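Hi everyone, thanks for making time. I'd like to walk you through one model today, starting with its pockets and then moving on to how some helices pack. Let me put it on the screen.

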Amino acid sequence: MYLWFKRLRVFATWLEQRGVDRLLDVTDKHLDLYLDHVRAMQVSTNTRRQLLGAVRAIWAYAPQLPSQHRMPVGAPWKGRSPGDLAEDIKTGRGNRTPRIAAETMTALLDWALRIVEDIGPDVRDAWREFRQLSTGTHRSQRQCKGLTQTERMSLFLQATREKGGALPGDPQHPGAIGFTNLACLLALPPSSETLSGDARSLAEAAGLPVVADLPVGRITGQVDGRPWRERPLEASELPFFVGS
């Protein structure tokens, strides 16, 4: 109440200084001049909004006041909100975004739930697998412990051939073996310079197909009864999906 009357007193003082001693004599012209006065004040936007809101309150309470104490004007400032009049948008206050239609919001919420419940688990599991591969803690890398690079490569190529798999590719050079990704799979530091010449030669001579990148995880989530994606996620895509 103290703050409210403090804001009202600013308006009353301003009117008194201009020879207006009755609300009945206040006009739209007075309100426009008061708006300019408030906007010119060296105060926060919140204070300006409160000062203008106090004037709107006087107008809104008019039915509860004796007729001689009412402002004989329409909605102050043509009904514009105090926040808009105080130019909140310049200070980042307030939300001036038009309301989203219910049909649009329903569709957005539906897809948000699909992403969280149906797609999200696949992304989460792929990211976890990639981090394990990058740190050499994935279960598939246990067999590499204590082996040389060529031994690791021979073992990996044999297992890949038996499973009918493919070598990871280089996303920047379609069709080329991704030696950075390959080093990662062999529990070696993931770098294009990690693998020795002998290990590279073994991979190049293996005759195995090469995919576009390093596939990680599996696609288990479905949308409308169908897998949400035809192929597994790839290492280079993961930062986009997880936002890192």
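Let's begin with the lining of the largest pocket: by class, that lining has 15 nonpolar, 6 polar and 4 charged residues. Before I go further, please keep in mind that this is a predicted model.

How big is the largest pocket in volume? The figure is about 620 Å³. There are 25 residues lining this pocket, and the ones closest to its centre are Glu 129, Ser 140, Phe 156, Lys 163 and Leu 185. If you want to find the pocket by secondary structure, look at helix H5 (102-135), H6 and strand E3 (215-216), each of which supplies at least two lining residues. Which element gives the largest share of that lining? That is H6, with 6 residues.

Now to the second largest pocket, which holds about 260 Å³ of space. Its lining is made up of Asp 122, Asp 125, Arg 128, Glu 129, Gln 132, His 138, Arg 139, Gly 217, Arg 218 and Thr 220. And how do those residues divide by class? There are 6 charged and 4 polar residues, with no nonpolar ones. For anyone choosing where to look on screen, Glu 129 is on the list for this second pocket, and Glu 129 is also among the residues closest to the centre of the largest one.

Let's stay with H6 for a moment and turn to helix packing. Helix H6 (residues 149-163) and helix H8 (residues 197-205) have axes that come within 8 Å and cross at roughly 15 degrees. With that angle, H6 is roughly parallel to H8. The crossing of these two is right-handed. On the H6 side, the contact involves Gln 149, Thr 150, Met 153, Ser 154 and Leu 157, and on the H8 side Asp 198, Ala 199, Leu 202 and Ala 203. Sorted by class, this contact has 5 nonpolar, 3 polar and 1 charged residues.

Next, closer to the start of the numbering, we have helix H2 (residues 28-39) and helix H3 (residues 45-60), which pack at about 160 degrees with their axes 10 Å apart. So H2 is roughly antiparallel to H3. Here, too, we have a right-handed crossing. From H2, the contact uses Leu 31, Tyr 34, Leu 35, Val 38 and Arg 39, while H3 brings Arg 48, Leu 51, Leu 52 and Val 55. That gives 7 nonpolar and 2 charged residues, with no polar ones.

H3 has another partner to show you. Helix H1 (residues 2-17) packs on H3 at an angle of about 80 degrees, and the axes are 9 Å apart. H1 and H3 are therefore roughly perpendicular to each other. Leu 3, Trp 4, Arg 7, Leu 8, Val 10 and Phe 11 of H1 meet Thr 47, Gln 50, Leu 51, Gly 53, Ala 54, Val 55, Ala 57 and Ile 58 of H3. In this contact, 10 residues are nonpolar, 3 are polar and 1 is charged. You may have spotted Leu 51 and Val 55 again: they touch H1 here, and they were also in the contact with H2.

That's my tour, and thanks for listening!

Terms used. Residues numbered from 1 in each chain as written. Predicted model: local features only at pLDDT ≥ 70, side-chain atom pairs only at ≥ 80, totals over all residues. Heavy atoms only, no water. Axes fitted to C-alpha atoms, helices over the stretch in contact; angles between N-to-C directions. Helix = DSSP H or I, 4+ residues; strand = E, 2+ residues; numbered from the N terminus. Parallel < 35°, antiparallel > 145°, perpendicular 65-115°, else oblique. Left-handed = near helix turned anticlockwise from the far one by under 90°. Contact = heavy atoms within 4.5 Å. Nonpolar A, V, L, I, M, F, W, Y, C, P; charged D, E, K, R; others polar. 1 Å grid on protein atoms, 1.4 Å probe; cavity = no way out; pocket = protein on both sides within 12 Å on 5 of 7 lines; lining within 4 Å. Points joined across faces, edges and corners; volume = space filled by probe spheres on them.
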